Each structure stands twice: as structure tokens, then as C-alpha cells.
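Got the viewer open? Load the model, switch to cartoon view and follow along.

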2 protein chains.
Amino acid sequence: MLKCLRCGRTYEGFKIMCECGGVLEYIGEREGSFKGLLREEFLDVRRYLSFLPLKEEFLPKLTLPITPILGRKIEGVNVFFKLEYLMPSGSFKDRGTYVTLAKLKEEGIREVTLDSSGNAALSLALFAKSEGIHAHIFIPKHTSEGKKRLLKLLEAEVHEVEGSRMEVHERARSFREGIYISHWYNPYFIEGTKTTAYEVYEQIGNVDYALVPTGSGTLFLGLYKGFKDLEALEGARIPRMIAVQGRGYESLCKRSKEKSRLAEGIAIPEPPRREQMLKALKESNGACVSVGDEEIAEAIKELISMGLLVEPTSATAYAAFKFLLEEGYFEKGTKVLIPLTGSGLKSV
Amino acid sequence: MLKCLRCGRTYEGFKIMCECGGVLEYIGEREGSFKGLLREEFLDVRRYLSFLPLKEEFLPKLTLPITPILGRKIEGVNVFFKLEYLMPSGSFKDRGTYVTLAKLKEEGIREVTLDSSGNAALSLALFAKSEGIHAHIFIPKHTSEGKKRLLKLLEAEVHEVEGSRMEVHERARSFREGIYISHWYNPYFIEGTKTTAYEVYEQIGNVDYALVPTGSGTLFLGLYKGFKDLEALEGARIPRMIAVQGRGYESLCKRSKEKSRLAEGIAIPEPPRREQMLKALKESNGACVSVGDEEIAEAIKELISMGLLVEPTSATAYAAFKFLLEEGYFEKGTKVLIPLTGSGLKSV
């Protein structure tokens, strides 16, 4: 069942956005233990099929790996980097796209529309191409040539829009040819990203903090939802959720005047799921931290020296970690999760 | 124990190449069942630790995912693409590098030399940087700027050599500053790549054919070794090993006059492990197939349309599959494994 977080209306069928314009959350019930529900015969995302609101016969053919974790002790704190960039399209977005595609197949939808300037677009284009679904992608005109080339290679229909990110969004929303499935709204997307939490729990058990690059909130909310499931099923601990944002684009903490250029993947000043994120921050006793380009650049360098080839937006969470570490925010021995969201191979 | 495949001499300690110049093979003994030896608490490469000749305390911090498999039925044949490109450095080479690094750490070696023009170099540079080991990388002068930039970003010491690939090899071999660990010789490298076979067996059971891009033979021989282990432990079936080579660079089948430009990753006309590969071909009742640029280009296009973003060398195996399919080589219902070796994100 889908429930609107604004007006409370519920829907049984497929829906991306509430009639009232509010955002929807998928609400499911599960009985049993986490371990008992695992599909242990699978060593990929299908391991968590029992937790996903989809029918097995509609699964995309392209499946997703369980991403590895790199553990490092940094000044007495146990940091766990989760390599979310080792996905078919090079970013964590594939988790959300995977579940979304299964729903589209179930509904028989053959034409969709998305606005994005980066990873979400590439992820959709890849899975859509793989399943023979036609994808309209709305992007800002100033999107890099490399990204445009990749989208065209995947035969997405690219619509370039002159104007701001919000103008691109408006144009896509009012486009009438394909079903609009923006990940900013799409509740199935979060059903996919929540699998990250399940993997983390299997790989390293409970963590104390999760530092997450947060723009539209797809990963932040997915992780939180996954951890809440684990609490309900296993009595697992919900980590303190730390939303990391780019300077000048903060939606959850005070807006800076300075504008980050490097955190482009999370430069979303008015995310539709803002209220939902604030609630997660509050419930998990979390916080919002924003970082600037100097710290991000330094963080990328350090990540690369650890063998982690990531794109700038991914480095924001590590930059925030370094800042909080200096502030004495973490106790010694604390377990901190840092998902690394996008591959650096794309930007080389 | 390491055994020379040319003179038969054995070594107990660390060694890359036999004193006689021959290639070494690691020979180990294992008792128990495959399932019993699995380290099921791990959902990454450490799952196969019992099969690897290394000490757990020296494992690289950066670990490797179990790569997913995409199944497609193509004209009645069950094709299984294994996404080996979803590795930290973007290629299957990370498997070999992983085991090699563990051995280097065990030996306390801090400075190494490798010659490569592509994926092996990037893989070593990444892991070496991550473990604080200094890497000398010898590359042909005409190597692409993108690759050079990436190697420098990882602070590898890049030595550019004017001349052919074989001249680069000679220069690296005679270089005296770092231990020469060429994957063309390095027996530990194959210990890493053999894990691919274990994963395949867990994921889809027996396969009938394995089509493998084959230059120096690191993946071809690793897969074959892994399948042989599975036969010994489980009575599993060894697939027919099909070596796929680029036109003009064949070492296992008749040399063509035409020269492939796209199969650059396997353009190795005189691989040191040639005899070992011929033996594997014969023992497994396999074959060698060579493909040209036109077929490779067509194969890349088809792979991308399935959502598989790979580099040209990876597409050779699929091109060979298409050729053999047309020849009526495969029976209906046959299971064919095609490892996809390198990421296309690097070349975009």
C-alpha cells in the first residue's frame, strides 16, 4: 500500500505521486526474522527479494551486486566505506532503478520520463535500454558532453533545457509523452535503496552513525527505512543519520551563501521529501552537516589514496566525517558508515 | 608450493618466475567439500579464503565484490554474462592483484614493477596506493592520456617507453628498482582469477562452455584452474574452454594477417603461458576463436543494448559467441559463460 505523507490518502496500485502533489511512502508488512526472510541462494540483490514490493517474474534481467565494504581505523574511529559505485551504471541509483523497472514491467509501462543531470539519468537509461523501455531524459543544457554522449549511446531520448535545475524539473513534469517517474517522488526508488541497510547489517552488523550525501534524499531515506526494518525484525540499532549537503544548497540545515560546485549531485535546494528527511533526522537523533569545495577536494584526494575511485559528490560524506572528527563528535571505537555513491571512472 | 612448468623445479617461498625463466604454477592441497570450505560469513571475495594461498592478516583492506551474472536466452542458448568489470579499478584484474598484494605484504615488499598498457596497471596502481606500496608502471608512449592521468592520480611512477609492447616488457624486466611482478608470469595472479569459477558455480552451477578473452591468459587459466578445483572437490563439470583472441595477435590459433585495433587488451602475440593454455584447451576439449574489429564493434553495440557498459576488449568474447552460434556450434539449452572483463566507463 502507498500512503501520502501529506494528505494521508492511500493507494493500492501503481502510483508515483499523490493526487494532492504530496510524496508517497510504500507501507508493507513482513513477518518472521531477517535471517529467515533472506533468499540465501542468491549472492546478489535478489537475496532481499522478500523485502521488496515486486513480483519475481518482473525482475529486471540485469541484477545488482552486493557492494563490498572497506574498513579503516581513522584516529580511533572505525570507518566503513560502502562501495556503492560498483554498480552497473556506476552509482547507487541502480538500486532504486532496479525496483522501479520491476514495477514498470508489472504495469506494462513502455515509455517514461525523468529529469536528472547525472547518475539517476544514466541508471534509468541503462536499465530502460536493457528492458526495451523508451526513456525521455530532461537535462540542463550545460550538462557535460561525456554524460550526454553516454545517454545517447544508450539511446535515451535526451531533452536539453535552457535554465536552472528547477526549470528542467518543471519541463519534465509537464511533459505528456512518458509516465513521469522522477526519483525525487517515486516511492519505489526508496524501496530499492533500502537494501543498502540490509547488506550493511549482514556485512558488519550494527553501526552507530551513517553519513549520507543528501540532495533529494533517495539514499538517506532508503537507508533509514532499511535500518527501521532491521530494528523491527531483529531489534537492530538505528544509527544516527547524518545528512551531508553541499554549501549553498542546504535544505535541512542553514543555507550558506557560498555555493559548492563539486557537490553537483546533491545540489537540490527544494527536495519534495524534505519533511520526511527532517523527521528521520529527528527520530534518529541525527544531524545535518554541509561542506564546501575545499574540503570536498581534500576528501577526494584522501579517498583515492585509499584506493577508492569516486566522483566529487561521493566525497562530501567523507569531508563531513573529517569535519566532525576534528570537532570531537565521535567517541573512540564508534562505527561509522560512509556510502560512496558514484564512480570516479566517469569523470576521468 | 610453486612448480616450474618448464624445468619442474619447486619453490616453497615467494617467487614470480623460475630461475630457468619458465612460468610457475601454485600447487596446493585441500580436503573437504566446496561448501564446507566456503567462508559463508563473507559476501565478498573472502568467501573463498580457504582456497587462496595467503594469510588472512595480510589481506588488502580494499576487498572485492562477488560480481553479478546477467542471464539471457539467445536463440535457444542460455548465455550468462558475468560482470567482472564491476570491480574497484573497473576490471577483473583486481582479482589477481588482490592475491598478489597479500603476498607482497606478507613478504614485506614495498616497491614493485609492472608493464602493462591498461587494466593490470590501473589495478596495481590502485591497490598499491591503498597499501602504501610504490609502483613503477612501464607503458608504451602511445598509451591514452586518460589512462596516464589516472595512473598519475594514483601516484604510480609511470615510465613511458618508445617502442612495441614487447620492448616495454623487456625494459620493465631489466629495471632494477622494484620487484618485477608482471601478471604474465606471476603465479599468484592466477590464484586470484580462479575465484571467478567458484562464484559462477555458486551462482548458476555447472556451465558447458566458457568463452574468455585471452591474451596473456590470466583469466583463461584462472577460470580453468577454478573449474578443476570444483571437479576435484565436487565432481563438477569442467566446461569447454574457448580462448577468444584478436585478429593478428593469435597465439593459440592461426595468426591472421588482418590486425585488430579494438582488442588491444589481449594483443599479446607471445604470452609466456602459451604452452599452459594449449594444454587447458586440449584437456577441456576446447577451442580458439579469433575475431576482427567489425564483429567486435557490433558486439559492443549489442552488449550496451543489454545494459552492459563494457570496453571493446570485453566484447571479443561475445563476438566469438555470435560467430559460433551462427556456425551451429552450440546445442539448444547449452549453458555458456561469458565473463565481461573491463568497464566501458573508462573509455567514455
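One term before we start: two strands count as paired here if DSSP finds at least two bridges between them. Keep in mind too that this is a predicted model.

**Stop 1: the sheet in chain A.** Select β4, β5, β13, β10, β11 and β12 of chain A. In that order, these six strands make an open sheet with mixed pairing. At the edges you'll find β4 (69–74) and β12 (287–291), each of which pairs on one side only. Turn the view a little and check the twist: neighbouring strands are turned by 25° against each other on average, ignoring direction.

**Stop 2: the β4–β5 hairpin.** Now colour β4(A) and β5(A). They run antiparallel and share six bridges. For a landmark, pick A:Gly71, whose bridge partner in β5(A) is A:Phe80. Then go to the turn, where two residues lie between the strands. Click on A:Glu75 there: its phi is positive, near 45°.

**Stop 3: along β5.** Stay with β5(A), residues 77–83, and show its side chains. How many of its seven residues are buried? Seven of the seven, so to speak a full house. In a regular strand, side chains alternate between the two faces of the sheet. In β5(A), both faces are covered. Select A:Val77, A:Val79, A:Phe81 and A:Leu83 for one side, then A:Asn78, A:Phe80 and A:Lys82 for the other; all are buried.

**Stop 4: over to β13.** Add β13(A) to the selection. In what sense does β5(A) pair with β13(A), parallel or antiparallel? Parallel, over six bridges. Zoom in on A:Lys82, which stands opposite A:Pro339 in β13(A).

Next, bring in β10(A), residues 209–213. This strand pairs with β13(A), residues 335–340, in the parallel sense over two bridges. The residue to click is A:Tyr209, with A:Val336 of β13(A) opposite.

**Stop 5: the second copy.** Zoom out and show chain B. Two copies of a chain are related by a rotation about an axis and a shift along it. For this pair, a rotation of 180° with 0.0 Å of shift along the axis puts chain B on chain A, with an RMSD of 0.0 Å. The two copies are thus related as by a two-fold rotation axis.

Want a marker for that axis? Select B:Leu86: of the residues of chain B, its C-alpha comes closest, at 2.6 Å.

Finish with the interface residues of both chains. In chain A, 100% of the interface residues of chain B are interface residues as well, so the copies meet through the same surface.

Key
Residues are numbered from 1 along each chain as its sequence is written. Chains are lettered from A and ligands numbered from 1 in the order in which they are written. This is a predicted model: local features need pLDDT of at least 70, side-chain atom pairs count only at pLDDT 80 or more; totals for chains, interfaces and linings use all residues. Side-chain values use heavy atoms; hydrogens and water are left out. Helices (H or I, at least four residues) and strands (E, at least two) are DSSP runs, numbered from the N terminus. Axes are lines fitted to C-alpha atoms, for helices over the stretch in contact, and angles run from 0 to 180 degrees between N-to-C directions. Buried means under 20% relative accessible area, exposed over 50%, partly exposed in between (1.4 Å probe, protein chains only). Copies are superposed by least squares on the C-alpha atoms of residues with pLDDT of at least 70 in both. Contact means heavy atoms within 4.5 Å.
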